[in-house]
Amino acid sequence: MATIGEVAELPQTVRRHSVRVLLLPLMIAMLLSQLDNMVVATAMPTVVGDLGGLEHLSWVVTAYTLATAAATPIWGKLGDMHGRKGVFITAVVIFLVGSVLCGMAQDMGQLIGFRTIQGLGAGGLMAGVIAIVGDLVPPREQGKYQGMIAGLMALAMIGGPLVGGTITDHLGWRWAFYINLPIGLIALVLAAVLLDLPARRSQARVDYLGAALLMAGITSIVLLTTWGGTEYAWGSGVILSLAAAGVLSLAAFLHWQTRAAEPIVPLHIFRNRNFSLMAVLGAATGFVMFGAVLFLPLYQQTVQGASATNSGLLLLPMLATMIVVAAVAGKVTSDTGRYKVFPVAGGALLFVGMYLISTMDTGTSRPESALYMALLGAGLGCLLQITTLVAQNSVQMKDIGVASAAAALFRTLGSSFGVAVMGALFHQRVAGTVAERMPGRPLLEDAQLSAASLAELEAPVREAYRYATAAGTHTAFLFGTAVGALALVAGLLVKEVPLRKTMGDTVPDAVPATASELGRAASEIRRSDRGGGAPPRTPTADQPFE
């Protein structure tokens, strides 16, 4: 069995084959996590018909998102403290247990509770996959595998609705959850057999107070972005209370992290400029990508009359370009060791692509919209994996877990904000436009804004809704353009630091040593000068000062 150290020393052709084999359980786990939401979303109408509880439907998604976001940084820290293999396998088991329980749910309340369990495991899946890849593959080499990861994400987005619909129609909605079991068991067995990762034993206690404060802050923020403008008005007491709770919890968390013996998120990682910029780029990428995934199919179906048979196929121009560009970016990065061009190009393409998409109206042709989507996909391809790669390259090896979890968390929070903010802007503009063109007419729900539903309306009403939807997506995508501009600024500020070629390389542009570490180093130097000791040891990324 090849260990991490052995993999790093193997000849290039053998090592590449070995790494691809070792990544197999990780890719399956990532597919499991990405595919689940898409499959379940397709099955939800049937679930409601069977279990009832339509008024609680949104909580099936919200509970999962909350648990995933809140648990992600904690899983990352546990991996750093106790070893990634055991923590990763535990996360897979929790996810599978939650999946089975969801399939057995007898009412909507049970389903929501079991989705929370499933989400807790999902947080560990994503954090574990990213961190283990960081352990197995030096940043300089990670680019070779970016196309695989981007391809899996695109496959889930395209195939998820089709798989979910097929399973629900032929096997029943419960199998939308049970299908995770055989896939997850394959990932478990392969992880147990193939992943030969070093065990770690930390004597430090888990920072439970920090974990509680972080979970409270993230929960408040996700609920605020989920409910704001939909369940409650943005200025309502509930939303304002959630905002206050989120700010206070996160402020208390940040203060406590400076005092905790083993902080959940060591704040020193944010002193590295590149790491902080990757957090901004990751959040912007999540914001734009999930906003586009939600509203582009709605525009295509309502305004352009596209079929909703498989909504994933409507995104093919964006997703196909994303896969190709991600693979090219990874190859260039691995071959040359240079990467700054991709955050800059990615930010520019995000900005230009979102602006062009925001100009689409009732007269935009499908080829024209496909071109704009391809430009946006190219921007996402430049950023999707580079952000994680540079974030991992910016920290010491001992912090890979928390850095990977933080990167995943910022992308999750960005996607949550993207859906919420763009959704609020869309609905506000649609409601205003419909009220202006057809005073007194009740507003259609999003689910009714499809080509088939609109075809049943009178021609003037149909045209009014087409115009209103185009106006709504224009406003939403215009805000996305501003986020793209932020991504471009962040990309321009990135400092191109050499990527680590081996797992033992020091971290360029690393955080300065602490006073105690410098003191011990000075003592070693003095002893060496007096001839009374060995030359001082230079700390490395995975061997810091003892």
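# Reading a helical chain

Visitor: How does E463 count by relative accessibility?

Guide: E463 counts as partly exposed, because its relative accessibility is 40%. That value falls between the cut-offs of 20% and 50%. Keep in mind that this is a predicted model.

Visitor: Which residue does the side chain of E463 meet in a salt bridge?

Guide: Start with the general idea. Side chains of opposite charge can pair when their charged atoms come close. Here, E463 meets R466, with 2.8 Å from N to O. The two side chains are also joined by a polar contact of 2.8 Å.

Visitor: Where do E463 and R466 lie?

Guide: Both are in helix α20, three residues apart. That spacing is about one turn of the helix. Helix α20 covers residues 459-493.

Visitor: Is R466 buried or exposed?

Guide: Buried. Its relative accessible area is 16%, so it falls under the 20% cut-off. Its partner E463, in contrast, is partly exposed.

Visitor: What does R466 contact, leaving aside its neighbours within four places in sequence?

Guide: R466 is in contact with T302, V303 and T362.

Visitor: How many salt bridges does the whole structure hold?

Guide: A search finds three. Take K331 next. It pairs with D335, and their closest N and O atoms are 2.5 Å apart. Both sit in helix α14, which covers residues 316-336. They are four residues apart, about one turn of the helix.

Visitor: How do K331 and D335 count by relative accessibility?

Guide: K331 counts as partly exposed, at 47%. D335 is partly exposed too, at 46%.

Visitor: Which residue forms a salt bridge with E496?

Guide: R338 does, with the closest N and O atoms 3.2 Å apart. This pair links distant parts of the chain, 158 residues apart. E496 is in the loop between α20 and α21. R338 is in the loop between α14 and α15. As for exposure, E496 is partly exposed at 27%. R338 counts as exposed, because its relative accessibility is 55%, over the 50% cut-off.

Visitor: Now the whole chain. How many helices and strands are there?

Guide: Count the named elements. The chain has 21 helices and zero strands.

Visitor: What share of the residues is buried?

Guide: Of 546 residues, 52% are buried. Now look at the outside. The chain exposes about 22600 Å². Carbon and sulfur atoms supply 66% of that area.

Visitor: How do I read contacts along the sequence?

Guide: Ask how far apart the partners are in sequence. Take the contacts with a separation of 6 or more. Residues 24 or more positions apart account for 82% of them.

Visitor: Which residues have the most contacts inside the largest nonpolar core?

Guide: They are M289, L296, M318, L319, I357 and L376. This core has 86 residues. Helix α12, residues 273-302, gives the largest share, with 14 residues. Another core lies apart from it, with 26 residues. Among them are L26, L32, L96 and L188.

Visitor: Let me pick L32. Is it buried or exposed?

Guide: L32 is buried, because its relative accessible area is 3%. It lies in helix α2, residues 12-51. Leave aside neighbours within four places in sequence, and L32 is in contact with F95, L96, N180, I183 and G184. Check a distance as well. The C-alpha atoms of L32 and A122 are separated by 8.9 Å. Along the chain, those two are 90 residues apart.

Visitor: And S99: buried or exposed?

Guide: Buried, with a relative accessible area of 1%. S99 lies in helix α4, residues 84-104. Beyond neighbours within four places in sequence, its contacts are Q118, F177 and N180. N180 appears in the contact list of L32 as well.

Visitor: Last one. Which residues make the nonpolar surface patch?

Guide: F290, L294 and V419 make it, and it covers about 220 Å². Find V419 in helix α18, residues 400-437. V419 is partly exposed, with a relative accessible area of 34%. Patch residues need over 30%, so V419 passes.

Note on methods. Residues are numbered from 1 along each chain as its sequence is written. This is a predicted model: local features need pLDDT of at least 70, side-chain atom pairs count only at pLDDT 80 or more; totals for chains, interfaces and linings use all residues. Side-chain values use heavy atoms; hydrogens and water are left out. A nonpolar core is a set of buried Ala, Val, Leu, Ile, Met, Phe, Trp, Tyr and Cys residues joined through side-chain atoms within 4.5 Å. Buried means under 20% relative accessible area, exposed over 50%, partly exposed in between (1.4 Å probe, protein chains only). Helices (H or I, at least four residues) and strands (E, at least two) are DSSP runs, numbered from the N terminus. Patches are made of residues with over 30% relative accessible area and no salt bridge: like charges are joined within 9 Å, nonpolar side chains (Val, Leu, Ile, Met, Phe, Trp, Tyr) within 5 Å. Accessible areas come from the Shrake-Rupley method with a 1.4 Å probe; for residues, only the protein chains shown count as cover. A salt bridge is a side-chain nitrogen of Lys or Arg within 4 Å of a carboxyl oxygen of Asp or Glu. Contact means heavy atoms within 4.5 Å. A polar contact is a pair of N or O atoms within 3.5 Å; within protein, one must be able to donate a hydrogen and the other to accept it, and residues adjacent in sequence count only if both atoms are side-chain atoms.
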